[in-house]
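Please open the structure in your viewer and keep the selection panel at hand. The tour below proceeds stop by stop, with a selection to make at each one.

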Amino acid sequence: MCGIVGLYLKNPSLENRLGALFSPMLIEMTDRGPDSAGFAIYGNEVADGYVKLSLQHSDDSFSWTDLAAWLTNKIGEEADLSENATAAVIRVKTTEFAVRHLLEENYSDLRIMSIGRGIEIRKEIGLPQMVSDRFGLPDMKGTHIIGHTRMATESAVTTEGSHPFSTGMDLCLVHNGSLSNHNRLRSWLERQNIKFKTDNDTEVAAGYLSWHLQKGATLRKALESALYDLDGFYTFAVGTREGFAVLRDPIACKQAVMAETDDYVAMATEFRSLAGLPGIENARIWEPEPGLVYSWGRKAA
Amino acid sequence: MNGQGNIEMNTVDLQKQSVRDLNRALHQLPEDNIQVGWEVLNPGGKHNIACGLDRELNIRIDGHAGYYCAGMNKRADIIVAGNVGVGVAENMMSGSVFVQGNAGQSAGATARGGLLVIDGDAAARCGISMKGVDIVVKGSIGHMGAFMGQAGRMVVCGNAGEALGDSLYEARIYVKGSVASLGADCVKKEMRGQHVQELQELLYANGLNENVSEFTRYGSQRNLYHFQVDNALAY
């Protein structure tokens, strides 16, 4: 099972309503994934030279203020902190590599959900409604967003095993389906120095894409390679800084539907998630073809 | 809604009533209650709308429907003024289902009779294991169309995806556009008089002003294992 949903706004005047439009889409997929839910929202970009981190910690009493102070001291630049329920967002002038290295060396229990200019990830175990409420999704603004409701199959129900999975700067992945060669692929990727934190199959797909992107592949090339190297069934939605991309396995085991109007492009596992969107009655609605990379964005992904 | 001529119209709004309410009402109609019109509002992509009917009814679904819309239909004539998800008219026995938009995967799967018309495109596995239904797709179909089709006719005015007609039995397929590839044991076949006639009839009945000579017929070469008489005792 699992449900995935994505919404990319072509019309900037809707950006204030991104969360309000998207929250019902996510909640509609509760039947498909009641175990956990998550989303990656893009917008409110930090300036050139800065990074934005989404963080979570297994200890509820963990002090984000102390962490921000520590980072400010270490980096020598003000680490700007905002907290959102169990998540924290830190904006700081540094590089992805430097801050990731610093945090992984010193805070091994910290979960780096995402790093980028615009991306923020929130995810938790529990019903999609709870997750949406907890993080105040309906009030969130942005340019585009992808989300996931999980019915766990390949690994335990944990926040770490929830989607989206970060795959690099401003990149993340959500997945509906299951992969059968993830153990072998994980071992291979570990030898290429890609690190994994869970037994989850989707994390392997995320790591696989990260590895290709680090090697200089475009997102489209990385996804096309996935068609050959990933065994299993899947519909992927990949969030990028500019928009999102969708790929279904060559046999198209898992459903997916897309809708496009002058205002937005939306995708979902089932149409009912899209039924409440404005103008959906007259949208172009179709099922994406298997094995083809679809992408939308302000510039080509 | 009140009377339109002699036909009583019933309206069910799926924002106010459940799909189960709708289907139960349709199932409980008396056998002699013929030619009653039903309108279904706000389908909202809900699944299983108008399933398992066995009455002479006209039903119009005013919007996009979810999975298995009009599944197992018998005798009812159903119009969907929108798109449908997976498995529209699956296992239809008789009657008709008209989809005015696109259809998801497995449209008309295993259907034994009746007519399924899709104005737009149908996705993968259209007519999978069809057993007597007539399927007319005005647009294109995805991969594995008519997989293991046993009987019935499929007409595609657009193109067909990969592996058309894989492991066919006796179903007949007519495609006007390109075919990405043929499935195992599926071959192009000659359009003989009877095929020209049946295709003409199917097109004409659905108001399609297509030129029959532009279509190609595909069918089973009957070379797979189970077609060989030497293997008959293996079953």
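Which residues does Ala151(B) touch, not counting residues up to four places away in sequence? Select Ala151(B) together with Lys131(B), Gly132(B), Glu170(B) and Ala171(B): these four are the residues that it touches. Here two residues are in contact if their C-beta atoms, placed from the backbone, lie within 7 Å.

Before continuing, note that this is a predicted model, in which local features need pLDDT of at least 70, side-chain atom pairs count only at pLDDT 80 or more, and totals for chains, interfaces and linings use all residues. Residues are numbered from 1 along each chain as its sequence is written, while chains are lettered from A and ligands numbered from 1 in the order in which they are written.

**First stop: around Ala151(B)**

Extend the selection to strand β8 (residues 151-156) of chain B, in which Ala151(B) lies. Helices (H or I, at least four residues) and strands (E, at least two) are DSSP runs, numbered from the N terminus. Ala151(B) is partly exposed, with 14 other C-beta atoms within 10 Å. On this scale a residue is buried if 20 or more other C-beta atoms lie within 10 Å of its own, exposed if 12 or fewer, and partly exposed in between, the C-beta atoms being placed from the backbone. Now add Met130(B): 21 residues separate it from Ala151(B) along the chain, yet their C-alpha atoms are 6.2 Å apart.

**Second stop: the whole of chain B**

Colour chain B by secondary structure to find its two helices and 11 strands. Their order along the sequence is β-α-β-β-β-β-β-β-β-β-β-α-β. The radius of gyration of chain B, taken over C-alpha atoms, is 18 Å, close to the 18 Å that the globule rule gives for 235 residues, so chain B is as compact as a globular protein of that length. That rule is 2.2 Å times the number of residues to the power 0.38. Of the 235 residues, 50% count as buried.

**Third stop: helix α1 of chain B**

Select residues 19-27 of chain B, which form helix α1; Val19(B), Leu22(B) and Leu26(B) are buried there. Seen down the axis of α1(B), these buried residues fall within an arc of 65°, so they line one face of the helix. The arc is that of the directions from the helix axis to the C-beta atoms. An α-helix has 3.6 residues a turn, so residues three or four places apart point the same way. Turn to the other side of α1(B), where Arg20(B), Asp21(B), Arg24(B) and His27(B) are exposed. To see what the buried residues pack against, show β1 (9-13), β2 (36-41) and β3 (57-62) of chain B.

**Fourth stop: where the chains meet**

Display both chains. How many residues does each chain give to the contact? Chain B supplies 18 residues and chain A supplies 14 residues. On the side of chain B that touches chain A, three residues are nonpolar, 13 polar and two charged. In this grouping Ala, Val, Leu, Ile, Met, Phe, Trp, Tyr, Cys and Pro count as nonpolar, Asp, Glu, Lys and Arg as charged, and the others, Gly among them, as polar.

**Fifth stop: chain A and its domains**

Hide chain B. Chain A has seven helices and 16 strands, and 51% of its 301 residues count as buried. Colour domain 1 (3-44 + 125-297) and domain 2 (46-117) separately; such bounds come from an automatic or database domain assignment. The C-alpha centres of the two domains of chain A lie 24 Å apart. Where they touch, 10 residues of domain 1 are in contact with 11 residues of domain 2. The domain 1 side has four nonpolar, two polar and four charged residues.

**Sixth stop: strand β1 of chain A**

Select residues 3-9 of chain A, strand β1: seven of the seven residues are buried, so β1(A) is largely enclosed by the rest of the structure. Gly3(A), Val5(A), Leu7(A) and Leu9(A) are on one side, with Ile4(A), Gly6(A) and Tyr8(A) on the other. In a regular strand the side chains alternate between the two faces of the sheet.

Next, show strand β8 (residues 144-150) of chain A, which runs antiparallel to β1(A) and is joined to it by six bridges. Strand β14 (residues 264-268) of chain A also pairs with β1(A) in the antiparallel sense, over five bridges. Two strands pair if DSSP finds at least two bridges between them. Finish on Gly6(A), which stands opposite Ile146(A) in β8(A) and opposite Met267(A) in β14(A).
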